[in-house]
Amino acid sequence: MSSSQPLDLRLPTPGCYADPERAGIDANAVFDGMTEHLFFTLGKLAPTASLHDLYMAVSYAVRDRLMTRYLASQEAIRARPHKTVAYLSAEFLIGPQLNNNLLNLGIQKEAEEALQRFGIESLNNILDVEEEPGLGNGGLGRLAACYMESLASLQIPAIGYGIRYEFGIFNQLIRDGWQVEVTDKWLKGGWPWELPQPDEACFVGFGGKTENYTDDQGNYRSRWIPTEHAIGIPHDVPVLGYRVNTCNRLRLWRADATESFDFYAFNIGDYYGAVEEKVGSETLSKVLYPNDGTDEGRRLRLKQQHFFVSCSLQDMLRSLEKRGIPLEDFAQHWTVQLNDTHPAIAVAELMRLLIDEKHFAWDKAWEVTNRSVAYTNHTLLPEALEKWDLSLFNSLLPRHLELIFEINRRFLQQLRLRYPGNDSILRKLSIIDEEGGKAVRMAHLATIGAHHVNGVAALHSDLVKRQLMPEFAKLWPEKFTNVTNGVSPRRWVGLANPELSNLLDEKVGPNWITNMELLSNLESLIKDKGFLKDFETRKLSMKRKLAGYIHRQTGVLVDPYSLFDVQVKRIHEYKRQHLNAIQIITQYLRIKNGKSQGIAPRTVIFGGKAAPGYFMAKLIIRFINGIAEVINSDPDMDGKLRVIFLPDYNVKLGEQVYPATDLSEQISTAGKEASGTGNMKFAMNGALTIGTLDGANIEIRERVGAENFFLFGNNESEIMSLQKEGYKPKEFIDDLPELSEALRLVELGHFSNGDSDLFRPLLNNLIGNDPFFVMADFADYLKAQDNVSSAWENRHHWNQMSLLNTAKSGFFSSDRSIKEYAKSIWSIDALPVEITCDVR
């Protein structure tokens, strides 16, 4: 199927792959490309062009230079059939694209020189203009983006499939301490990185009924007759690898109506009815994660998932048919990776397409499906292990439900042979949940239909097998494996931290960015005082940059020489931002009570969004801002403590935060965080971690050394024991006077302008049942924070620990993760693309 030999493409057509008018990468060529696009694409003259105009012009000029590689990579697959990764994900948090593409092309300096001819002093002036694509929310979407970039850099053919959300999730404002959600209009100024492909649209059905019939060969068959349709229009985003010719693509589906305007309805005065179908269909790609607290919200979520999965699978089948490849060979050409349970409907949809549309026999269709699909589980939390009410599912996808019933019937028959008379295990493993209201368990569907199921950190994968799916793991031990998450060093060091990146180039050579294991050579510099001082100075430079941003955004002055203590991630109770917040109150009380000796001067920085319908998470944001308001206005805290909540945390802001961080807060309840990726970004940039034995924290600690990691808290088995013994948080509160005093201050309304009721739900939650064991871990957390303060006093030793975190972070590159997927799950290798065009 594959070869390590590069593909030699000789296409003698002017304007093809190596057109010198569009492919040149020196400053003159970039300048000429900008000038051309300003005039011909944007209709602007340079003297009157705005910063946004110049951003669009340079982006179009850079995109021109991607096209050579983009088209050659597609031609490589057509010329030499090779397995391709289809990465299905509801999110792709790809971040700003311009600087990423400049880095991967190796033309950042050339672009800056071209911009200077337009009177722009720095490339950063243009980068600040770029809107961040609203295509994801948190770690799941950012992981997908890192994996797409690594796939291209490793020259592995891949297509990422998702939804082109018009409004993303939301922009976050903070008003009176509360999160306020406003529409994310990220497309309002145009987005130069996408290539619409309307001629490759797909039709998707919903609702209706099924009917049985006998085909011309006398075979008994079913057909689905939907009552509602939508059209999926693909928009392709080039994904370039680092300094290679491979340029994969992210294919995002936009929903459109089959009939945009009903003239009859309009003519009889029904003006809304005239566009009702258009509005209804286009809603599918409007917003990421509609609120599922309502029936309509849940209905829309399921429709979104089926919409993009169906379009994507149709696209894969069509690509084989276009190339004359038998559909029976689907698994030899496509490996379909499900990024969590959102695309799990793919198992039923691929079966439907093969059986109903392509007339496969059941056994052959199941063989193709099972050999093609793999499933990544990202969480043990119930809300992410989706279940769909049977009546809702049947009303939207009646044919799929029939197929799921049949998949389940055959599976349960196997179980009966394996476990005769054991109805209990049948109920546990059935795709249909019979408890209470009947529901379809999507994680079960994915597990039964996939050839591999992987977790995303060693502990998480172990818990999937021991706690989440022990019966499945016993039934199919060969299916279950682990691939620890990773992050892209190009984005999170090369782009985000130019100070550190340049230092690494000097000391270990430029190849570290594609071979992170080379960073281990930094260990030889652990006693080099001059190098360590340089390492610290470069960190300080990034801290000054972040301090400036904080002042511009919040009006609060922070000291870049203080310890930057950071917790940036989605706001959720299990991530325990409230544990950090209550610890801040104890430090505040110590300073107020004259016990500040030994406390390191700190700037504590929070960032992250709460789901709009998640009251407790939004209350935690209000709690943090209430604490910040009191502390930042108290003269006694000057030079000792500052608290910052950064609004609207995203990739762009993360690129400023990770390089400036001294202490990374990874404090989730043990056994709740699947992996985490923020912890890896912090470690790469030299931050020390304070954390629990949860997710990838365990593997970070193993690699950087226990002495370079501030460990605290109950481990997963101890948490389980506390649960079994009847956990009583009040006992832990009573045993620690500092904790009691902090909670009492909250209760009295000290951080809520005297309103003693505002934070009562949070207090009642912590004192009553404390589902995430905040009180149980608090004393140990406080001790660990005291150890942090002690370590900060010896700055030379701190710098040594910081250096070791960077030196030992090579394992956490997404390149390593993708290599593991390629070898153990996908059975795929690289397809290098060599462009050798004879232009006449």
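This report describes helix packing, one buried helix face and selected salt bridges in a predicted model.

Residues are numbered from 1 along each chain as its sequence is written, and side-chain values use heavy atoms, with hydrogens and water left out. Because the model is predicted, local features need pLDDT of at least 70 and side-chain atom pairs count only at pLDDT 80 or more, whereas totals for chains, interfaces and linings use all residues.

**Helix packing**

Helix α7 (residues 139-153) packs against helix α34 (residues 814-826) at an angle of about 75°, their axes being 9 Å apart; helices are DSSP runs of H or I with at least four residues, and strands are runs of E with at least two, numbered from the N terminus. Axes are lines fitted to C-alpha atoms, for helices over the stretch in contact, and angles run from 0 to 180 degrees between N-to-C directions. The two helices α7 and α34 are therefore roughly perpendicular (65 to 115 degrees). On the α7 side C146, Y147, S150 and L151 take part, and they meet S814, D815, S817, I818, Y821 and W826 of α34, where contact means heavy atoms within 4.5 Å.

In helix α5 (residues 108-116), A111, A114 and L115 are buried, that is, under 20% relative accessible area, with exposed meaning over 50% and partly exposed in between (1.4 Å probe, protein chains only). These residues cover an arc of only 100° around the axis, which puts them on the same side of α5; the arc is that of the directions from the helix axis to the C-beta atoms. The cover over the buried residues of α5 includes α2 (27-41), α4 (98-105) and α6 (123-127).

**Salt bridges**

The whole structure holds 55 salt bridges, each defined as a side-chain nitrogen of Lys or Arg within 4 Å of a carboxyl oxygen of Asp or Glu. Three of them are listed here by their N to O distances.

| Pair | N to O distance |
|---|---|
| E181 and K618 | 2.8 Å |
| R223 and E211 | 2.7 Å |
| E506 and R538 | 3.6 Å |

E181 lies in strand β5 (residues 178-182) and K618 in helix α24 (residues 615-632), so their salt bridge ties together parts that are 437 residues apart in sequence. E181 is partly exposed at 29% relative accessibility, while K618 is buried at 15%. In the pair of E506 and R538, E506 is exposed at 53% relative accessibility, whereas R538 is buried at 16%. Finally, E200, D236, R249, R251, D315 and R318 are linked in a network of salt bridges.

Technical notes:
Angles under 35 degrees count as roughly parallel, over 145 as roughly antiparallel, 65 to 115 as roughly perpendicular and the rest as oblique.
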